[in-house]
Amino acid sequence: MKKFPKFLAAGAMALTVLAGCGSEGAGSTVELKDGDTVKVGLNYELSGSTATYGLAMDKGSKLAIKQYNENENSKYKIEVVSQDCKSDSTEAQSIASKLMTEEKVAFQVGPATSIDSIATYPISTDAGVPVISPAVTQNGGMLDSSETAYPYAWRVCFEDNAQANAMAIFAYNTLGKRKAVVYGDSSNDYATGLAKDFTEKFEALGGEVVESENYVSGDTDFNAVLSNLTDVDFDVMYVPGYYNEAGLIIKQARAAGLDQVILGPDGMDSPKLAELAGASTLNDVYFTTAYTTVDASDDLKAFIEAYKAEYNEDPDMFSVLAYDATNLGLQALEEAGATGEKLNEAIKNIQFSGLTGSFTFDETHTPTKKVLVVQLQDGVQVNPIEVDPNAE
């Protein structure tokens, strides 16, 4: 979900990394035997400004590993090595080096945010240890300067341009909307990228973006812009950004008499949206997401029950993405029967079916999966549909 400028690694790091034992480098394939103990590294933001995301992901990953260890058919015993990168990209990079050189993990899951995850990719490349990112969404973050995917970096979440395209397709084809206003957060790349991609796709389909407006993170009064929009002829408004501002925009838009459909990205996917907007204002509102409990499958119901039993709280999108990311790594480990290059090849060729979708990876190490669009009625999620972001 969270999108940041690409991290530029500061200098080359000389790594003598071990994946198994002895003097073999981490990139070397180390064959495993049934019953072996294998370390898996969790590198999450357990404190700091983005700890909300990291803590949820840490719980999802640990539940996946617990269930794996409890399964009598599992080949290996997984030892968790969990570290706190403190919502800091430099710390995330340092922890990745420690996990891969000192702890000798088979693979790393996390961090939660793009800037922290991307900081670890050069380390994983040098070490030959896969990193599986639950929620990195920017395409550039998976690529180096030659536009080639980092060979040991993988992600489970769809790209931001995929969710923007999906919402434009949904607005035009499903809702039949033709005139859009885009009112987005200009202070971060996540929102500005979504605004750009939505606009391009909506117009390519035949729609028209009649007005583009901006706010910045932390704003609370949107009445001036919304008042001006009452004189604009439009039938849908796209609000790329996070729930903090989106909730207030929706509340103030409805108070201003703007009853048009309002759309948003996965940044709106939070219970706090209803707290800020008021449940009664959240009608004719839709957002994209990787996860919903509406019409949950039996597997998802089982996960929710297990998560609540383990942590006495409901899971969110981030815990589910981390659960899938960790299970993907564990499945690949079993299929490879080895660490290093063989494990990475198994990830590359995996056919994975998780709670957030079934997918393979494309050449940018991105999952080929559909995007969920959910509707809000009085603040409650209803009527989820899958949208192919590549549809015309």
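Trainee: What do the buried residues of α9 pack against?

Mentor: In this predicted model, they pack against α1 (51-70) and α10 (317-336).

Trainee: Which residues of α9 are buried?

Mentor: Leu300, Phe303, Ile304 and Tyr307. They sit on the same side of α9, because the arc they cover around the axis is only 100°. That fits the usual helix pattern: with 3.6 residues a turn, residues three or four places apart point the same way.

Trainee: And which residues are exposed on the other side of α9?

Mentor: Asp298, Glu305 and Ala309 are exposed there. The cut-off for that word is over 50% relative accessible area.

Trainee: How do you know that the end-to-end distance of helix α9 agrees with its 14 residues?

Mentor: Take residues 298-311 at 1.5 Å a residue and you should get a span of 20 Å. The end C-alpha atoms are 20 Å apart, so the two agree. Just after α9 comes Asn312, with a positive phi of about 60°.

Trainee: On to the cysteines. How many disulfides are there?

Mentor: The count is 0. Cys85 is in no disulfide, and its nearest cysteine sulfur, in Cys157, is 18 Å away.

Trainee: Why is there no bond from the sulfur of Cys157 to the closest cysteine sulfur, in Cys85?

Mentor: A disulfide needs the sulfur atoms within 2.5 Å. These two are 18 Å apart, so that is too far for a bond.

Trainee: Is Cys85 buried or exposed?

Mentor: Buried: the cut-off is under 20%, and Cys85 has a relative accessible area of 0%. Cys157 is buried as well, with a value of 0%.

Trainee: Why does Glu159 count as buried?

Mentor: Its relative accessibility is 11%, and buried means under 20%, so Glu159 qualifies. You'll find Glu159 in the loop between β5 (153-155) and α4 (160-174).

Trainee: What makes the link between the side chains of Glu159 and Arg155 a polar contact?

Mentor: The distance is 2.9 Å, and the cut-off is within 3.5 Å.

Trainee: Why is strand β13 described as largely enclosed by the rest of the structure?

Mentor: Because 6 of the 7 residues in β13 (residues 371-377) are buried.

Trainee: Which strands are joined to β13 by bridges?

Mentor: Strand β10 (residues 285-289) is joined to β13 by 5 bridges, antiparallel, and Tyr286 stands opposite Gln375. Strand β14 (residues 380-387) is joined to β13 by 6 bridges, also antiparallel; here Gln375 stands opposite Val382.

Trainee: What lies between β13 and β14 in their hairpin?

Mentor: A turn of 2 residues, where Asp378 has a positive phi of about 50°.

Key
Residues numbered from 1 in each chain as written. Predicted model: local features only at pLDDT ≥ 70, side-chain atom pairs only at ≥ 80, totals over all residues. Heavy atoms only, no water. Helix = DSSP H or I, 4+ residues; strand = E, 2+ residues; numbered from the N terminus. Expected span 1.5 Å × (residues − 1). Buried < 20%, exposed > 50% of the residue type's maximum accessible area, 1.4 Å probe, protein only. Arc of directions from axis to C-beta. Contact = heavy atoms within 4.5 Å. Polar contact = N/O pair within 3.5 Å; in protein donor to acceptor, adjacent residues only side chain to side chain. Pairing = 2+ DSSP bridges.
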